[in-house]
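I opened this entry to keep track of what I looked up. The notes follow the order in which I checked things.

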Amino acid sequence: MKMPTLNEKVRGFAENRNLEGVVVASEEGLPLASNLREVEEKAAFGVQEIKKGLLDGEGDYFVRAGEGGSKILCQKEGLYYILYSRNEPDERDVHELHQLVAQDLRERRNPK
């Protein structure tokens, strides 16, 4: 049986959490996984915004409210997460997404 791709896992996660968009990016701003189209720009700008927030002392998790929803930004263990939601932001979403991504990366590095 074929293992689902990280994009498929992220897409399922976003659907289960009713998130409009999810981007997982590298420190360089390159997208690793997403359920969005045209994700390159969102990844690059999201990573820039997170790095600026970290420099400004906002911590590794913060929310930007916007028209029609919120953008949740977080950096964990060298990975950058950008979540778009119309609902109240929930830090648990970022934590659980990070666990999913970290587990996927471990499994791909050490296949059975």
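Helices and strands here are DSSP runs, numbered from the N terminus, with at least four residues for a helix and at least two for a strand. The model is predicted.

**Entry 1: the sheet**

I began with the strands. Five of them form an open sheet, ordered E2-E1-E5-E4-E3, with antiparallel pairing. Strand E2 (31-34) and E3 stand at the edges with a single partner strand each, so one side of each lacks a neighbour in the sheet. I looked up the twist next: neighbouring strands are turned by 15° against each other on average, direction ignored.

Then I went through the pairs. E4 and E5 run antiparallel and are joined by seven bridges. Across that pair, I found Ile-72 opposite Leu-83 in E5. E1 and E5 are also antiparallel, with five bridges. There, Ala-25 stands opposite Tyr-80 in E5. E1 and E2 share three bridges, again antiparallel. Val-24 has Ala-33 as its bridge partner in E2.

I also checked the hairpin of E1 and E2. Five residues lie between the strands, and Gly-29 takes a positive phi near 85° there.

**Entry 2: strand E1**

How many of the five residues of E1 are buried? I counted five of the five, so E1 is largely enclosed by the rest of the structure. In a regular strand, side chains alternate between the two faces of the sheet. I therefore sorted E1 by face: Gly-21, Val-23 and Ala-25 are on one side, Val-22 and Val-24 on the other, and all are buried. Both faces of E1 are covered.

**Entry 3: helices on the sheet**

I looked at what lies across the strands. H1 lies across E1 and E2, and runs at about 45° to E2. H3 lies across E1, E3, E4 and E5, and runs at about 135° to E5.

Next came the length of H3. Its 19 residues should span 27 Å at 1.5 Å a residue. The end C-alpha atoms are 27 Å apart, which agrees.

Which residues of H3 are buried? I listed Asp-93, Val-94, Leu-97, His-98, Val-101, Ala-102 and Asp-104. They cover an arc of only 160° around the axis, which puts them on the same side of H3. What do they pack against? I found helix H1 (6-16), strand E1 (21-25), strand E3 (61-66), strand E4 (69-76) and strand E5 (79-85).

**Entry 4: His-98 and Glu-77**

I picked His-98 in helix H3 (residues 91-109). Is His-98 buried or exposed? Its relative accessibility is 9%, and buried means under 20%, so His-98 counts as buried. Leaving aside neighbours within four places in sequence, His-98 is in contact with Lys-76, Glu-77, Leu-79 and Tyr-81. One of these contacts is polar: the side chains of His-98 and Glu-77 meet at 3.4 Å.

I followed that contact to Glu-77. Glu-77 sits in the loop between E4 and E5. Glu-77 is exposed, with a relative accessible area of 70%. Its phi is positive, about 50°, although Glu-77 is not a glycine.

**Entry 5: Asn-18**

I noted another non-glycine with a positive phi: Asn-18, at about 55°. Asn-18 lies in the loop between H1 and E1. Its relative accessible area is 52%; exposed means over 50%, so Asn-18 counts as exposed.

**Entry 6: Phe-13 and Gln-75**

I placed Phe-13 in helix H1. Phe-13 is buried, with a relative accessible area of 7%. Beyond neighbours within four places in sequence, I found Phe-13 in contact with Leu-19, Asp-93, Glu-96 and Leu-97. Asp-93 and Leu-97 are among the buried residues of H3. I also took a distance: Phe-13 and Glu-58 are 45 residues apart in sequence and 26 Å apart in space, C-alpha to C-alpha.

My last check was Gln-75, in strand E4. At 19% relative accessibility, against a cut-off of under 20%, Gln-75 counts as buried. Not counting residues up to four places away in sequence, Gln-75 touches Ile-50, Leu-54, Asp-60 and Tyr-80. I had already met Tyr-80 in E5, opposite Ala-25.

Note on methods. Residues numbered from 1 in each chain as written. Predicted model: local features only at pLDDT ≥ 70, side-chain atom pairs only at ≥ 80, totals over all residues. Heavy atoms only, no water. Buried < 20%, exposed > 50% of the residue type's maximum accessible area, 1.4 Å probe, protein only. Polar contact = N/O pair within 3.5 Å; in protein donor to acceptor, adjacent residues only side chain to side chain. Contact = heavy atoms within 4.5 Å. Expected span 1.5 Å × (residues − 1). Arc of directions from axis to C-beta. Pairing = 2+ DSSP bridges. Axes fitted to C-alpha atoms, helices over the stretch in contact; angles between N-to-C directions.
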